[in-house]
Amino acid sequence: MTDAFELRVLRYFVAVAEELHFGRAATRLHISQPSLSVQIRKLEHTLGAQLLQRTSRRVELTPAGVVLLEEAHRLLVGVERLTAATRRAAANGGGGSLVVGFQANAAAELTPRILAAFQARCPQVQLEMRSHDFADPYVGLSTGSVDVAFIRPPVLVQSWLSMETLFVEPRVLVTSSESPLATRDRVTVEDVVDQPFVGRRAPEYWRDFWLAVDSRGPHTVRLGAEVVSVDECFEAILSRRGVAFTQASTQRYYDRPGLAFVPVEGLPPSPVAIAWRNDMEAQPVRDFVDTARVLAALDLVPSATPAVGTPLAATIAAVAR
């Protein structure tokens, strides 16, 4: 039997043992009497012991039934206490853990400030940062493996997803420092449409955003490589397999010899959002989101524009393709 099934059947047994009457116990449990009888017989079979002495006139506990009733009471009370304590901790932020999903440099310079401020606000909560590659634009939220995440839209709208923009920053072109493009002060998308690009191995709508498909007009993308991480992307660029667009803050966190970062004119920026599951919301999540919201308004990220509360309609893919 599974754990959930055992607890349910134990509650059935307790009701019968306390009522000493199958009919009254069935009414109390809101199930049929035949169904209750079957469940009790299955429990006896599983335990290999007769728990109840049944006659046409009454029901009595056997010695094994007396022992089980005592232990079942202890177990069920413990389960209720555990459940209540966990819910209280989640409601008041007083303990537990919070898993924060991120990709690459997360929210850039804002990240350590948010983490430090949250820990000062909720010192009992244990924080865990969990990195994800390009394959998952939801950064663990879709599977429930994280509680809150720094994400970079566009993402497909989901009923369980809530998010709020923290800031937007320009996108830049990353190319080999040996490329003629590296000497330019700035470029346009039109200037590079004939270049091979390094694509992100990710859902099509997200990959297309980073390939600037909507800004290319009639020009199709030439793929030189596909990658799942920033490090793989830059290795492909260094080996002259292609160029790529990325957020401006990437240069401050991943710059290395042999790479050049060139501003791009006319390319929509990259937003950074704080996102969470609205069907699993707990007080630590609300506190973390609130902390991120407050700090994002302070304009702490170079070359970025604070955008707390800004609608994401322009950068969210509303319909799955």
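Strand 7 and strand 11 (residues 244-247) pair in the antiparallel sense, with four bridges between them. That is a handy place to start on this structure, which is a predicted model. Within this pairing, R171 of strand 7 faces Q247 in strand 11. Strand 7 also has a partner in strand 12, again antiparallel, this time over five bridges. Here T175 stands opposite A260 of strand 12. Strand 7 itself, residues 171-176, is mostly covered, and six of its six residues count as buried.

R171 turns up again when the aromatic rings are considered. This arginine lies over the face of W210, 5.7 Å from the ring centre. W210 in turn belongs to one aromatic cluster, together with F134, W206 and F209. Across the whole structure there are nine aromatic pairs. One of them joins W206 and W210, with 6.1 Å from centre to centre and 70° between the planes, an edge-to-face arrangement. Both tryptophans sit in helix 7 (residues 204-210), four residues apart, or about one turn of the helix. An α-helix has 3.6 residues a turn, so residues three or four places apart point the same way. As for exposure, W206 and W210 are both buried.

A second pair brings F234 and F261 together: the ring centres are 6.0 Å apart and the planes meet at 80°, so this pair is edge-to-face too. F234 belongs to helix 8 (residues 230-238) and F261 to strand 12 (residues 259-265), so the contact ties together parts that are 27 residues apart in sequence. F234 and F261 are both buried.

Next comes the open sheet. Six strands make it up, in the order 4-3-5-13-6-14, and their pairing is mixed. Strand 4 (126-131) and strand 14 are the edge strands, each pairing on one side only. Inside the sheet, strand 6 and strand 13 (residues 270-277) run antiparallel to each other over eight bridges. L161 is set opposite R277 of strand 13 in this pairing. R277 also has a ring beneath it, lying over the face of W160 at 4.3 Å from the ring centre.

Helices lie across these strands. Helix 5 crosses strand 3, strand 4, strand 5 and strand 6, and its direction makes an angle of about 155° with strand 4. Helix 10 lies across strand 3, strand 4, strand 5, strand 6, strand 13 and strand 14, at about 160° to strand 13. Does the length of helix 10 add up? Put better, what span should the 14 residues of helix 10 have? At 1.5 Å a residue the answer is 20 Å, and the end C-alpha atoms are 20 Å apart, which agrees. Helix 10 also has plenty to hide: P284, V285, D287, F288, V289, T291, A292, L295 and A296 are buried.

The loops hold a few backbone oddities. The peptide bond from P153 to P154 is cis, with omega near 20°. P154 is found in the loop that links strand 5 (148-151) to strand 6 (161-169). A106 is another residue to look at, with phi near 55°, a positive value in a residue that is not glycine. A106 sits in the loop between strand 3 (97-102) and helix 5 (110-121). Its relative accessible area is 7%, so A106 is buried, the cut-off being under 20%.

S303 likewise has a positive phi without being glycine, with a value near 65°. The loop in question runs between helix 10 (283-296) and strand 14 (305-306). Is S303 buried or partly exposed? With a relative accessible area of 47%, S303 is partly exposed.

One last stop is helix 4 (residues 63-92), where E70 is found. E70 is partly exposed, with a relative accessible area of 47%. Along the chain, E70 and V14 are 56 residues apart, yet their C-alpha atoms are separated by 9.2 Å.

Conventions
Residues numbered from 1 in each chain as written. Predicted model: local features only at pLDDT ≥ 70, side-chain atom pairs only at ≥ 80, totals over all residues. Heavy atoms only, no water. Helix = DSSP H or I, 4+ residues; strand = E, 2+ residues; numbered from the N terminus. Buried < 20%, exposed > 50% of the residue type's maximum accessible area, 1.4 Å probe, protein only. Phe/Tyr/Trp six-rings, centres within 6.5 Å; stacked < 30°, edge-to-face > 60°. Lys NZ or Arg CZ within 6 Å of the ring centre and 35° of its normal. Expected span 1.5 Å × (residues − 1). Pairing = 2+ DSSP bridges. Contact = heavy atoms within 4.5 Å. Axes fitted to C-alpha atoms, helices over the stretch in contact; angles between N-to-C directions.
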